[in-house]
Amino acid sequence: MRQPLSSPTRSHEPATLILGDKSYLLPVIEGSEGERAIDISKLRDQTGHITLDQGYGNTGSCESAITFIDGEKGILRYRGIPIEQFAHGATFIEVALLLILGHLPTDAEYDAFSKDLTRFAYLDEGMKHQFEGFPRTAPPMAILSAMINSMSCFHPELYELEDEAQFLIAAARLISKVRSIAAYAYRHSRGVPYIYPDPKLRYVPNFLHMMFSQPYDQYVCSDLINRAMNLILILHADHEQNCSTSTVRMVGSSGANLFASCAAGVCALWGPLHGGANVEVLEMLDKIHQGNMTPEEYVKLAKDKDSKVRLMGFGHRVYKSFDPRAQILQKVAEELVPQLCGSDPLLEIARRLEDIARSDPYFIDRNLYPNVDFYSGIILRAIGIPVNMFTVMFSIGRLPGWIAQWWEQNHTPGTRIARPRQVYVGNRQKDYLPKDQRG
Ligand code: ACO
């Protein structure tokens, strides 16, 4: 069912490493899109040296057949399909299955998975009671991570996913329930009654129903919002070895179950330099709008290293010409926002910030462009998603990628527990002193 990893080709020319008077040949491998990597897996055994690469900017942690990015050319493909091709009517569930199965789903595969999503949307009543223990002010990302982890308690039969059928059930449970958990977290924060999933509704309308319906008033999801939300989730669905996905793989490499590994992914995504940036973008735009600062003043501050301020939603570790997701989302924002809210001053500020930054040598020289978070928050806000739920929306979108990467890792021959080394720079050996002898 799933595509096997095609083994990388060994390049004819190994790399030569010269250390002192010795030289070592290191194999060079080549991926299917021609990118090359020096295989250093035997480096320490052969030379006694390790490599040092803070932030892993030059380190390939795995071989993967799921997502391809060429940051210089602004290319992003899921299982070979360019991201732009999903912008015209693909559904999030179709793309989730593409990532997980390795191919676009047949009608039968899609229908079977959709049925499972409907069947699994309900939370165990015991799980529902857990929400009561969280303070109303609890960050939804903390609740999301805790509740995904607690799914391990309710489905221990899914700890060991021996075969693909079981894996697909675990994937459907996670992808379905994450919506219910997210919506319940929101409703708990508002102190309003939980709304059960409606089996008649598709993935996105069902989520928005659980978020916004009232017992006396059913939320109706328009076609425009359905399309925009599907697209946002699709654009977030995978992004190869980013911080949260690497976390999922790191945790999964110890043998931890799928739920525990994805819960860890949520925590990694929460940070403001990763998924949390979509919240920071909105706060930045709002601050400018409230008149505390002009866009020009903000950009000036973001260039000042002493200020510790960054232009949020700008820059990316991998993209060095443009982020294709940001380009798509900008168009969606321009189409959707006027239809839903008329004019939005925050969209105008975002446009202005982009104009200023993109003609400023500081940003040009450092290849800093809008990333996926720059426009996603404006769209989510227009749909009515509260700002503190933005990163939760990112998590819902990223879940299929985490699931696919976790499974791929567990089925790649030679996978070992992830365990980086370090260069120790602390004290040399010294003696313990009893309390009365310390200065
Ligand atoms: N505003 C101002 N300066 C920036 C910004 C920014 N948004 N991003 C990078 N820079 C500057 C850095 O100060 C640094 O300058 P220097 O060379 O003079 O020291 C240079 O550009 C390189 O930046 P790094 O932090 O080394 O780049 P890195 O690849 O480690 O970080 C990151 C990438 C975290 C995305 C960074 O660009 C950033 O903080 N952006 C803002 C936060 C953000 O939008 N995060 C979302 C990323 S997308 C995602 O995770 C979904």
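Author: Two strands pair if DSSP finds at least two bridges between them, and a strand is a DSSP run of E with at least two residues, numbered from the N terminus. This is a predicted model: local features need pLDDT of at least 70, side-chain atom pairs count only at pLDDT 80 or more, and totals for chains, interfaces and linings use all residues. Residues are numbered from 1 along each chain as its sequence is written, and side-chain values use heavy atoms, with hydrogens and water left out.

Reader: What makes β6 and β7 a pair?

Author: Four bridges join β6 to β7 (residues 75-78), and the two run antiparallel. Pairing asks for at least two bridges, so four will do. F68, for one, stands opposite R77 in β7.

Reader: Why do β6 and β8 count as edges?

Author: The sheet is open, with three strands in the order β6-β7-β8 and antiparallel pairing. β6 (67-70) and β8 (81-82) each have a single partner strand, so one side of each lacks a neighbour in the sheet.

Reader: How do you know that β2 and β3 are paired?

Author: Five bridges join β2 (residues 15-19) to β3 (residues 22-26), running antiparallel, so they pass the cut-off too. A15 stands opposite L26 in β3, and L19 has K22 as its bridge partner. Two residues separate the strands of this hairpin, and G20 in the turn has a positive phi of about 60°.

Reader: What makes the approach of L311 to the ligand a polar contact?

Author: A polar contact is a pair of N or O atoms within 3.5 Å. A polar backbone atom of L311 is 2.7 Å from a ligand nitrogen, so the pair qualifies. A backbone N or O atom of F314 lies 2.9 Å from a ligand nitrogen, while a polar side-chain atom of R317 lies 2.8 Å from a ligand oxygen. The protein covers 76% of the 920 Å² of accessible area (Shrake-Rupley, 1.4 Å probe) that the ligand has on its own.

Reader: Which residues line the second largest pocket?

Author: There are 21 of them, with A87, H88, L231, I328 and V332 nearest its centre. A pocket is an open set of points on a 1 Å grid where a 1.4 Å probe fits, with protein on both sides within 12 Å along at least five of seven lines; lining residues have an atom within 4 Å of a point. Helices α8 (223-235) and α13 (324-341) each supply at least two lining residues; a helix is a DSSP run of H or I of at least four residues. The pocket holds about 430 Å³ of space, the volume filled by probe spheres set on the points.

Terms used:
A polar contact is a pair of N or O atoms within 3.5 Å; within protein, one must be able to donate a hydrogen and the other to accept it, and residues adjacent in sequence count only if both atoms are side-chain atoms.
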